[in-house]
Amino acid sequence: GAIYRRYGSKDELVTAAVAGLVREEIVVPDTGSTRADLLLLMREAVELYRGSLAAQLMPNLIAAIAQRPELARAVRDGFLAGRRAALGEVLRRGVERGDLRPDLDLELALDVLGGPLFYRLLVTGGPIDEQLAEGVADLILRGFSPDEFRGTKSTKARREH
């Protein structure tokens with residue numbers, strides 16, 4: 001009875017339980033270095049999903065999300081939104097610093113940051129480790145660097161010409 005007074009549905013209960021496992025207070029780092037800030041957040045994610053209870057629950061949660069739109073919305077608006085917001089702030093500062101291109105596709109960059117971790121967790125079973133955190137951070141910095149460092153125009157700029 002007490003559970004149903006606090007949560008309006010099973011989806012809300014599941015979301016709160018997973019959020020309790022996954023959510024720590026996400027502190028947005030500001031070391032003065034875009035790479036260092038990205039690495040700090042990626043290392044936190046690696047630590048969270050390397051062998052924890054949250055990592056073990058994630059495949060079942062993803063399956064449930066695919067079947068239940070209300071749960072998907074609750075998960076996206078709950079703990080995923082906080083991590084994406086923190087990473088988004090770091091990426092926006094990277095643009096301001098000139099480390100990342102001014103026309104950065106923020107949603108794509110956020111997906112690239114999380115994609116490899118979840119792909120390994122859910123599909124390949126590959127290592128979720130420091131090398132992954134560094135590789136993804138470096139991929140972001142190289143792949144979304146300003147044109148003068150890459151020697152090529154962005155896809156958006158090429159389309160406009």
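1. Let's start in a loop: Ile-128 sits in the stretch between α6 and α7, the latter covering residues 130–143. Keep in mind that this is a predicted model. Is Ile-128 buried or exposed? Its relative accessibility is 10%, so Ile-128 counts as buried, the cut-off being under 20%.

2. What does Ile-128 touch, once neighbours within four places in sequence are set aside? The list is Val-46, Tyr-49, Arg-50, Leu-117, Arg-120 and Leu-121. Two of these are worth a click in the viewer: Tyr-49, which belongs to α3 (residues 34–49), and Leu-121, which turns up again in point 5 as part of α6. For one more distance in this area, look at Ile-128 and Phe-118: ten residues separate them in sequence, and their C-alpha atoms are 9.2 Å apart in space.

3. Now step back to the whole chain. There are nine helices and zero strands, so to speak an α-α-α-α-α-α-α-α-α pattern when you read along the sequence. Of the 161 residues, 35% are buried. Among contacts with a separation of 6 or more, 69% are between residues 24 or more positions apart.

4. Next, the pairing of α4 (residues 53–67) with α5. Their axes are 5 Å apart and the packing angle is about 125°, which means α4 is oblique to α5. The crossing is left-handed. On the α4 side, the contact is made by Leu-61, Ala-64, Ile-65 and Gln-67; α5 supplies Pro-69, Leu-71, Ala-72, Val-75, Arg-76 and Phe-79. Sorted by class, that contact has eight nonpolar residues, one polar and one charged.

5. Helix α4 also meets α6 (residues 106–124), and here the axes come within 10 Å and cross at roughly 85°. Why is α4 called roughly perpendicular to α6? Because that label goes to angles from 65 to 115 degrees, and the α4 and α6 crossing earns it. From α4 come Ala-55, Met-58, Pro-59 and Ile-62, which meet Phe-118, Leu-121 and Leu-122 in α6. By class, this contact holds seven nonpolar residues, with no polar and no charged ones. Phe-118 is the residue whose C-alpha distance to Ile-128 came up in point 2.

6. Over to α5, which spans residues 69–97 and contains Arg-93. With 13% relative accessibility, Arg-93 counts as buried. Which residues is Arg-93 in contact with, leaving aside neighbours within four places in sequence? They are Val-28, Pro-29, Asp-30 and Asp-37. The Pro-29 link has an atomic detail you can check in the viewer: the side chain of Arg-93 reaches the backbone oxygen of Pro-29 at 2.3 Å.

7. Last stop is Asp-37, a partner of Arg-93 that lies in helix α3. Its relative accessibility is 0%, so Asp-37 counts as buried. Not counting residues up to four places away in sequence, Asp-37 touches Pro-29, Asp-30, Thr-31, Gly-32, Val-90, Arg-93 and Arg-97. Pro-29 and Asp-30 appear in the contacts of Asp-37 and also in those of Arg-93, and that makes this spot a handy place to zoom in on.

Terms used: Residues are numbered from 1 along each chain as its sequence is written. This is a predicted model: local features need pLDDT of at least 70, side-chain atom pairs count only at pLDDT 80 or more; totals for chains, interfaces and linings use all residues. Side-chain values use heavy atoms; hydrogens and water are left out. Helices (H or I, at least four residues) and strands (E, at least two) are DSSP runs, numbered from the N terminus. Buried means under 20% relative accessible area, exposed over 50%, partly exposed in between (1.4 Å probe, protein chains only). A polar contact is a pair of N or O atoms within 3.5 Å; within protein, one must be able to donate a hydrogen and the other to accept it, and residues adjacent in sequence count only if both atoms are side-chain atoms. Contact means heavy atoms within 4.5 Å. Axes are lines fitted to C-alpha atoms, for helices over the stretch in contact, and angles run from 0 to 180 degrees between N-to-C directions. Angles under 35 degrees count as roughly parallel, over 145 as roughly antiparallel, 65 to 115 as roughly perpendicular and the rest as oblique. A crossing is left-handed if the near helix is turned anticlockwise from the far one by less than a right angle, and right-handed if clockwise. Ala, Val, Leu, Ile, Met, Phe, Trp, Tyr, Cys and Pro count as nonpolar, Asp, Glu, Lys and Arg as charged, and the others, Gly among them, as polar.
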